[in-house]
Amino acid sequence: MAISVNGTDIPVPDDPRVSLLDLLRERAHLTGTKVGCNQGACGACTVLLDGERVLSCLTLAVQADGRSVTTIEGLGDGAALHPMQQAFIDHDGFQCGYCTPGQICAAVAMLRELQGGVPSYVTADLAGQGTVTAEEIRERMSGNLCRCGAHNGIVEAILQVAKEQAA
Amino acid sequence: MSRVQNAVIGSVKTVLGWMPERWLPGGTPDPLIGRHGEVGRQASRLDGPQKVQGKARFAAEVAMEGMCYATLINSPITRGRIARLDTAAAEAAPGVVLVLTHRNMPRLEIVPVMSISNMGAVGNSALPILQDDQIRYNGQVIALVLAETQEQADHAATLVEIGYEQAPARTRFEEAKANARTPASILTEKNQVSVGDAPRELQQAPYSVDNLYRTPGHNHAAIELHAVTTAWDGDALTLHDATQAIAPTANALAKLFGVRREGVRVLSPFVGGGFGGKAFWDHQVVAIAAARIAARPVRLMLSREAVCRMIGGRTPTEQRVALAADAAGKFTAVVHTGFSVMPTYAVCPEQYSLGSRAAYRSKTYQFGQRHLDLDVVPNTYMRGPGESVGSFAMESAVDELAHQMGIDPIELRRRNEPETHPLSGTAFSQRGVLEAYRMGAERFGWDQRSAAPGTRREGEWLTGMGCATGSFPYVRMPAGAVRIHLTQGGQATVSCSAQDMGMGTSTVQSQHAADRLGLPLEAITFEMGDSDLPPAPMAGGSAQTVSIAAAIAAAADKLTGELLRMAGNASPVAGLRAGEVRLVGGELVSLEDPARRDSFHAILSRAGRETVTVTASASAPLEMLKFAMQSMSAIFCEARVSAVTGEVRVTRLLGSFDCGTILNPKTAASQFRGGMIMGLGMALTEETLFDERSGRIMNASLADYHIPAHLDVPDIEVIWTGIPDPRSPLGARGIGEVGITGVAAAIANAVFNATGKRVRDLPLTLDKLL
């Protein structure tokens, strides 16, 4: 019984009430994953579970048993920043920095979804290849709230990363 | 605030009026104004790498040995008393360490409520905290449950049995009007002001508008929940807090718990959004008390529901704005009065009429605010307190009058632009709002606006444009110190207990210190977020940047004097005084004869010193009294409204700001945008839904209180005049609050232009447009 968090196995907690969020923050001391509401409304606790974005506050730790979790701490390559992290700095895609890890994790997974052809509410051609546009990003990132108002910078940062990936 | 205060401030202003300007700080413009250096450069946030990697450590993220976790129980009734309380089952539950109620809470005094002149007064509420069985508002904390894990604490909290005896509560806005209070002053301004006979002018004028505007309660909704991690070691207290008021919190806690101030340490290096909401509330006190009784470290993070119900937000208002104009479009009456909720135990008067007093020239004026006393969580300051909602009313009214007169709304504002402060006649330090309008109109394409409402339609969408003025007064806090520690190697550490909720405090002050000390940015370390550092005032009123800047300037002057003293008689700068040199390139350089110079390194070496340290306090902020000083903006909006559903979408938003020197264009643009986006939320979706029958907030969650999400936010353009204010440190004025002001009015005015429908009740939800 173990959960692989950023490549390191950590034991599944005895108490089945423990959320993946609390496991990460309080037991693994990986506090980069944030808590903004504990009820799935804000997206601050977004992490990648087997590469897909999930709200760790609504995920029980036991549900992650045997699976792989990537948090903001595990996104970069050692000391180097992940391109999305660098793009957020370049475009000032944050102020207080609290929703930021969730935004970045969501952004990384969201681009994969979009590029993998998963349509959204604003996708015109449901069968087509996903096209990265500001409108698509806004729709797909709307589950990650930001109160400082860094929305424009976040969208620009994601567009930059998408452009770099395409190049 | 009292009549005595009105008299004192009035006489200080009178005396200052007699004094020559050069006697006052700011009388001689800051020599850094206009100098090209680090200030004004697009620096990325210095704490960016920490934040994007999740390494920035927030209050609830500090690990401690033996930590236990707390949950609060909040009152589900509004007024009454706890008649029955049984904690036995909770105390017997697995892992429970302590159940804290009014029965076993230590007896504590009331925390002095916040004030800008008293660094020990920080409370948001004048109510006792867990001191008796009385319930005074819905959401009041009535118990804390402490356990080994959060899950155990949360479960045990459900086992506390509480019976209530309910009493009648005051919860209805309309009913409370009969007993409205009329305070003598609003913050530092006299409340009721009448000049001339405004009612008569309203009756006689060829053009007039006279309407009521309503704004609901708003929630700060910072994404980080209020949280503390706290521990006692004997009589020494450590509090990791999410706070905008570090030094005042430490001062207040020492007094409250009867321990030495030196033994209290409050740390808050990062705050996950504040907007006025992260100051001193009940949760810090109950957590600290629990930690003392349990003799264990305690972590308490409020639930989102608790944040909504026990941390006050912006209060609801009902405002009357009446304007009259003569045939030439000159105002003959400006009236702004109204009601807002402010319980006697709250601190924020929601000063919605203050901005209007400095806005327009008129023949007559009438201003005054009345407070309603309800049994609710104490309201408090929230971004753009007063002006945010006040500008909605006033700037909607200006638009209504312009429409009635058939004049362009910018032109109507231009015709009534005051040359000096409309009421006091005080000179403006600098005022470029008309220039902001000119720049904004050109950039936005205002000339494309159709003056006739409801005439632009594409498919189901009606499109319109609107504009409005935003403003917020300049504030510099009357306290605050900074320490500068300079090494022989030319590294400087600048320290004070400043706060950063995302404004970029450390980045901008590092840029400033580099220029002030004549050192490269890399040589500067800015320390903050710790009450052991020299005390900075609280971060509020858009005042922190200039307050700290003034303290850094004072400390740099002192450092200069110290270096000149150490330089000795053989130095090329011997005999010069602090005012006769400037610091540049790691040297003291004579202003008169730049060939006379001596380096920090040489001076310290000769003196046999590795380092030099100075601490100094900022000068008193007398420029605020001598001059009328405001940050201002011209906001432009293009909105479309569905003729089928009434849905409003803001398609374009532009802010043109006049806020003095912009210290860091990158972070400043973000802060302006952030304010404007909060204004967008205020205009379209944000509303604390209050059940007047029960006194309970109905939408205490981020699922039900709707802040703008990505899809709601268009690309927002931000420009500025950049004209330095000759009376302020660095020529800067505040930029944190002004962004939200004017935005709701600009949007409402655009909606009117699109549809011909005037909505005077925020938010502009679709039901009001069908």
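## A glycine in a loop, and the big chain beside it

Let's start in chain A, where A:G32 sits in the loop between helix 1 and strand 3 (46-49). Helices (H or I, at least four residues) and strands (E, at least two) are DSSP runs, numbered from the N terminus. This is a predicted model, in which local features need pLDDT of at least 70, side-chain atom pairs count only at pLDDT 80 or more, and totals for chains, interfaces and linings use all residues. Residues are numbered from 1 along each chain as its sequence is written, chains are lettered from A and ligands numbered from 1 in the order in which they are written, and side-chain values use heavy atoms, leaving out hydrogens and water.

Is A:G32 buried or exposed? A:G32 is buried, with a relative accessible area of 0%. Here, buried means under 20% relative accessible area, exposed means over 50%, and partly exposed is in between (1.4 Å probe, protein chains only). Leaving aside residues up to four places away in sequence, A:G32 touches A:I72, A:E73, A:P101 and B:G54; contact means heavy atoms within 4.5 Å. A:I72 is 40 residues away along the chain, yet the two C-alpha atoms are separated by 6.0 Å.

Two residues of chain A have an unusual backbone angle. Most residues other than glycine have a negative phi, and most peptide bonds are trans. Here are the two with a positive phi:

| Residue | Phi | Place in chain A | Relative accessible area |
|---|---|---|---|
| A:H29 | near 55 degrees | loop between helix 1 and strand 3 | 47%, partly exposed |
| A:D50 | about 50 degrees | loop between strand 3 and strand 4 (52-55) | 44%, partly exposed |

Chain B has a backbone surprise too: the peptide bond from B:L762 to B:P763 is cis, with omega near -10 degrees. You'll find B:P763 in the segment after helix 19 (743-755) of chain B.

Now for chain B as a whole. Chain B has 19 helices and 31 strands, and its C-alpha atoms fill a box of roughly 80 × 75 × 55 Å along the principal axes. Of its 770 residues, 65% count as buried. Among contacts in chain B with a separation of 6 or more, 81% come from residues 24 or more positions apart.

Where do the two chains meet around helix 4 (residues 150-157) of chain B? Six of the eight residues in helix 4 are buried, namely B:Q150, B:E151, B:Q152, B:A153, B:A156 and B:A157. Their cover includes helix 1 (20-27) of chain A, along with strand 1, helix 3 (88-92), strand 3 (96-100) and strand 5 (141-147) of chain B.

Finally, the rings. How many aromatic pairs does a search of the whole structure find? It finds eleven over all chains. Rings of Phe, Tyr and Trp (its six-membered ring) pair if their centres lie within 6.5 Å; planes under 30 degrees apart count as stacked, over 60 as edge-to-face and the rest as tilted. B:F58 and B:F270 make a tilted pair, 5.9 Å centre to centre with 45 degrees between the planes. This pair links distant parts of the chain, 212 residues apart: B:F58 is in the loop between helix 2 (48-52) and strand 1 (68-74), and B:F270 in the loop between strand 13 (264-267) and helix 8 (282-294) of chain B. Both B:F58 and B:F270 are buried. Elsewhere, ring pairs join B:Y437, B:F444, B:W446 and B:F636 into a cluster.
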